[in-house]
Amino acid sequence: TSLEDEIQIRDIKGDWLLTFGVNLIEDDAAWNLTDIFGGSSSNFSNPFMVGVEYYTSTNFSVNATVSFNKYVEGKDIDSGIIQKGMGANYFAVDASLKYSFQTLLNTSVFDPYLFAGLGYTSIGEHTGLYGDGLRTLPTIGRLTLNFGLGANFWISDAFGINVNAMGKAGIKQGDNSDYISNQVQFSVGG
């Protein structure tokens, strides 16, 4: 028999997927990913996320996620450094269109994908040391253009592990546009 006969790709059109997980925010404003898990701009405090996805066809799906995190003292935020006792809450809502390569690769376990979409991110009030001195910034919301890649590793037809990397390009707008920067968000869920 051929390999195609042996591997059953799930017919997932019309299926819903619910994801729970954790996320890490990298916010050095310059897309520098050399020290993701230990750098001064990596934030992993209260890092929860939940997502829902609807498969419109075998290869395409639409996805929405809600993420929470927190910037803590000493960490970089929008090109500044958070001061003692002045942490900032992080909240994001993101929507995207995904394209899966699972059918193309003819695999039932490994499901890599690319995605693009829009988001809204809010970083709470905080005091930070910026180039022009110590500043207290209000809660700043920003629209983001999102893009990324990820993969599902299917353990069964109903359960899998998801890893995801998303670039979030901040759209500069409003009075505080100087403090709107780019971020990268990594997530793991199931």
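## Strands and the largest pocket

A strand, as the word is used here, is a run of at least two residues that DSSP labels E, and strands are numbered from the N terminus. In this predicted model, strand 1 (16-26), strand 3, strand 4, strand 7, strand 8, strand 11 (140-154), strand 12 and strand 13 (183-189) each supply at least two residues of the lining of the largest pocket.

That pocket has a volume of about 330 Å³, and its lining is made up of 30 residues, with Thr19, Asn63, Thr65, Lys98 and Asn162 lying nearest its centre. Strand 12 provides the largest share of the lining, namely five residues.

## Strand 7 and its partners

Strand 7 covers residues 88-100, and its side chains alternate along its length. Ala88, Tyr90, Ala92, Asp94, Ser96, Lys98 and Ser100 point to one face and are buried, whereas Asn89, Phe91, Val93, Ala95, Leu97 and Tyr99 point to the other face and are not buried.

Strand 4 (residues 60-71) runs antiparallel to strand 7, and twelve bridges join the two; within this pairing, Phe68 has Phe91 of strand 7 as its bridge partner. Strand 7 also pairs in the antiparallel sense with strand 8 (residues 110-123), over eleven bridges, and here the bridge partner of Ser100 is Tyr113 in strand 8.

## The end of strand 7

Ser100, which is found in strand 7, has a relative accessible area of 6% and is therefore buried, since buried means under 20%. Not counting residues up to four places away in sequence, Ser100 touches Thr58, Asn59, Asp111, Pro112 and Tyr113. In addition, a polar atom of the Ser100 side chain lies 3.1 Å from the backbone nitrogen of Gln102.

## The cavity

Ser100 also belongs to the lining of the largest cavity, together with Glu53, Tyr55, Asn59, Phe60, Ser61, Lys98, Tyr99, Asp111, Tyr113 and Asn152. The elements that give two or more residues to this lining are strand 3 (48-55), strand 4, strand 7 and strand 8, and strand 7 gives the most, with three residues. The structure holds one cavity of 30 Å³ or more, and the volume of the largest cavity is about 50 Å³.

## Asn162, beside Tyr113

Asn162 lies in strand 12 (residues 160-170) and is one of the residues nearest the centre of the largest pocket. With a relative accessible area of 11%, Asn162 is nevertheless buried, because the cut-off for that word is under 20%.

When its neighbours within four places in sequence are left aside, Asn162 is in contact with Tyr113, Ala151, Asn152, Ser187, Val188 and Gly189. The side chains of Asn162 and Tyr113 are joined by a polar contact of 2.9 Å. Ala151 is eleven residues from Asn162 in sequence, and the two lie 5.8 Å apart in space, C-alpha to C-alpha.

## The nonpolar core

In soluble globular proteins, nonpolar side chains tend to be buried together. In this model the largest nonpolar core has 13 residues, and those with the most contacts inside it are Tyr71, Ile77, Tyr90 and Ile123. Strand 7 gives the most to this core, with three residues.

Ile123 can be followed further through its contacts, again leaving aside neighbours within four places in sequence: among them are Tyr71, Ile77 and Tyr90, as well as Ala88, Pro138, Ile140 and Gln183.

Technical notes: Residues numbered from 1 in each chain as written. Predicted model: local features only at pLDDT ≥ 70, side-chain atom pairs only at ≥ 80, totals over all residues. Heavy atoms only, no water. Buried < 20%, exposed > 50% of the residue type's maximum accessible area, 1.4 Å probe, protein only. Helix = DSSP H or I, 4+ residues; strand = E, 2+ residues; numbered from the N terminus. Pairing = 2+ DSSP bridges. Contact = heavy atoms within 4.5 Å. Polar contact = N/O pair within 3.5 Å; in protein donor to acceptor, adjacent residues only side chain to side chain. Core = buried A, V, L, I, M, F, W, Y, C linked by side-chain atoms within 4.5 Å. 1 Å grid on protein atoms, 1.4 Å probe; cavity = no way out; pocket = protein on both sides within 12 Å on 5 of 7 lines; lining within 4 Å. Points joined across faces, edges and corners; volume = space filled by probe spheres on them.
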